[in-house]
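Thanks for asking me to look this one over. My notes follow as numbered points, so you can check each against the coordinates.

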Amino acid sequence: MDVTTVERAMEGDGGAFDELVRELWPSLVRLARGVVGDADAEDAVQDALVAAGAKLPALRDAACFAGWVRRIVVRTCVRQARRRRWWRQRLPLDDAAALPDPTAADPGGDLDVERVLSVLPARQRAVLYLTAVEGRSDGDIAEILGGSPATVRSLRRHARRRLQRQFADELEGGLRA
Amino acid sequence: MKDRRSVHTPHPDPSDAAWNRLVAAWKRRLERPPALPPQAAAARVRARLDARTRQPRLRRWQLATAGAVTAAALLVAVFLVPSRGPGHDGAGGEPRLAASAGVVATGATPSEGEVLLWLDSETPLYLTLAPPPQDRGTTRR
């Protein structure tokens, strides 16, 4: 990421910010998919980028831009997922909305990853993603999510227990959908 | 830019083959490209940012107008509308009870030339009907 482009964007250059968005978009969507799933990821990234664009003049160090935006994306995803979960518990979806996503099948195998991960609260899923897929340390994850490394360890432990408990049979059979 | 990724990769329970399969499938799933191309995403974000920067000015203007209208309405209500006490016939006071009409006798039988009115359930009022005295004519001097 070009720091000069970030600095131009911080000074109000809309074209420079567009350039940053174009460059970061694929990786941010991947990150958001890891935290909230495919269905809501791109909307969440757009919301996060709008928030980031509005706060950009307040950014202190242009070199931190990528990490700063990623942190905003993760926190936006967690917040939106919590809100959706809250509404889903109070307003049950009809049968059609509860049907499985036809694109959810694993392209290289036969695991319904989304169905398995959808049982996790957003923060637990975010911790699993940042740990298992991105290979980040507990300290990094704590900084991204806001909290302590001990909280991160606790969230990861709970997430794994929940998956183990809920999908014990399928885990034995290789999590087949 | 400093790479914040750590060398430490705390993989939960490496002996768990099912977990490894899940993570591998998860990674494969994440490799798919976004539905929205980067150019279109940048245009959408730009449009929303522009709308957002315009919005606060409009919101302040709306708040100022709403505040002025409310203050004016309060002033009119406090100083210009005349106060209405309870004796007033308007909406400010308790509505007055209409004067009770006399109750025509139902149970007692008045004699001829009398009218019985019940002022309440226990108070009869007998009125005697009589022609006016002769010296009270309609002529005036």
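1. Let me start with chain B, bearing in mind throughout that this is a predicted model. Chain B has 2 helices and 3 strands, and their order along the sequence is α-α-β-β-β. Of its 141 residues, 14% count as buried. For the contacts in chain B with a separation of 6 or more, the share from residues 24 or more positions apart is 0%. The accessible surface of chain B is about 11600 Å², with 59% of that belonging to carbon and sulfur atoms.

2. Chain A has a secondary structure of 9 helices and 0 strands, which reads α-α-α-α-α-α-α-α-α along the sequence. Here 50% of the 177 residues count as buried. Among contacts in chain A between residues at least 6 apart in sequence, 65% link residues at least 24 apart. Its accessible surface comes to about 8400 Å², and carbon and sulfur atoms hold 50% of it.

3. Where does chain B show a nonpolar patch on its surface? Look at B:Leu75, B:Val76, B:Val78, B:Phe79, B:Leu80 and B:Val81, which together make a patch of about 630 Å². One of these residues, B:Leu80, sits in helix H2 of chain B, a helix that spans residues 38–80. B:Leu80 has a relative accessible area of 63%, so it is classed as exposed, the cut-off being over 50%.

4. Next, the salt bridges: the whole structure holds 17 of them, counted over all chains. A good one to display is the pair A:Arg30 and B:Glu31, whose closest N and O atoms are 2.4 Å apart. A:Arg30 belongs to helix H2 (residues 14–36) of chain A, while B:Glu31 is in the loop between helix H1 (17–30) and H2 of chain B, so this salt bridge joins two chains. Are the two partners buried or exposed? A:Arg30 is partly exposed, at 24% relative accessible area, and B:Glu31 is exposed, at 54%.

5. Within chain A, A:Arg33 and A:Asp38 form a salt bridge with their closest N and O atoms 3.6 Å apart. Both of these residues are buried.

6. Another salt bridge in chain A pairs A:Glu143 with A:Arg71, with 3.8 Å between the closest N and O atoms. Why might you want to highlight it when looking at how chain A is tied together? A:Glu143 is in helix H7 (residues 138–145) and A:Arg71 is in helix H4 (residues 65–90), so the pair ties together parts that are 72 residues apart in sequence. Both ends have some exposure: A:Glu143 is partly exposed at 36% relative accessibility, and A:Arg71 is partly exposed at 24%. Elsewhere, salt bridges with shared partners connect A:Arg33, A:Asp38, A:Glu114, A:Arg125, B:Arg29 and B:Arg32 into one network.

7. If you are setting up cysteines, how many disulfides does the structure hold? A search over all chains finds 0. As for individual cysteines, A:Cys64 is partly exposed, with a relative accessible area of 40%, whereas A:Cys77 is buried, at 0% relative accessibility.

8. A:Thr131 is a residue to view up close. This threonine lies in helix H6 of chain A, which covers residues 122–133, and A:Thr131 is buried, with a relative accessible area of 3%. What does the side chain of A:Thr131 reach? Its partner is the backbone oxygen of A:Val127, at 2.7 Å.

9. Finally, consider A:Ala54, in helix H3 (residues 38–55) of chain A. A:Ala54 is partly exposed, with a relative accessible area of 38%. Leaving out residues up to four places away in sequence, A:Ala54 touches B:Leu49 and B:Arg52. In its own chain, A:Ala54 is 44 residues along from A:Met10, and their C-alpha atoms are separated by 9.9 Å.

How values were computed. Residues are numbered from 1 along each chain as its sequence is written. Chains are lettered from A and ligands numbered from 1 in the order in which they are written. This is a predicted model: local features need pLDDT of at least 70, side-chain atom pairs count only at pLDDT 80 or more; totals for chains, interfaces and linings use all residues. Side-chain values use heavy atoms; hydrogens and water are left out. Patches are made of residues with over 30% relative accessible area and no salt bridge: like charges are joined within 9 Å, nonpolar side chains (Val, Leu, Ile, Met, Phe, Trp, Tyr) within 5 Å. Accessible areas come from the Shrake-Rupley method with a 1.4 Å probe; for residues, only the protein chains shown count as cover. A salt bridge is a side-chain nitrogen of Lys or Arg within 4 Å of a carboxyl oxygen of Asp or Glu. Helices (H or I, at least four residues) and strands (E, at least two) are DSSP runs, numbered from the N terminus. Buried means under 20% relative accessible area, exposed over 50%, partly exposed in between (1.4 Å probe, protein chains only). A disulfide is a pair of cysteine sulfur atoms within 2.5 Å. A polar contact is a pair of N or O atoms within 3.5 Å; within protein, one must be able to donate a hydrogen and the other to accept it, and residues adjacent in sequence count only if both atoms are side-chain atoms. Contact means heavy atoms within 4.5 Å.
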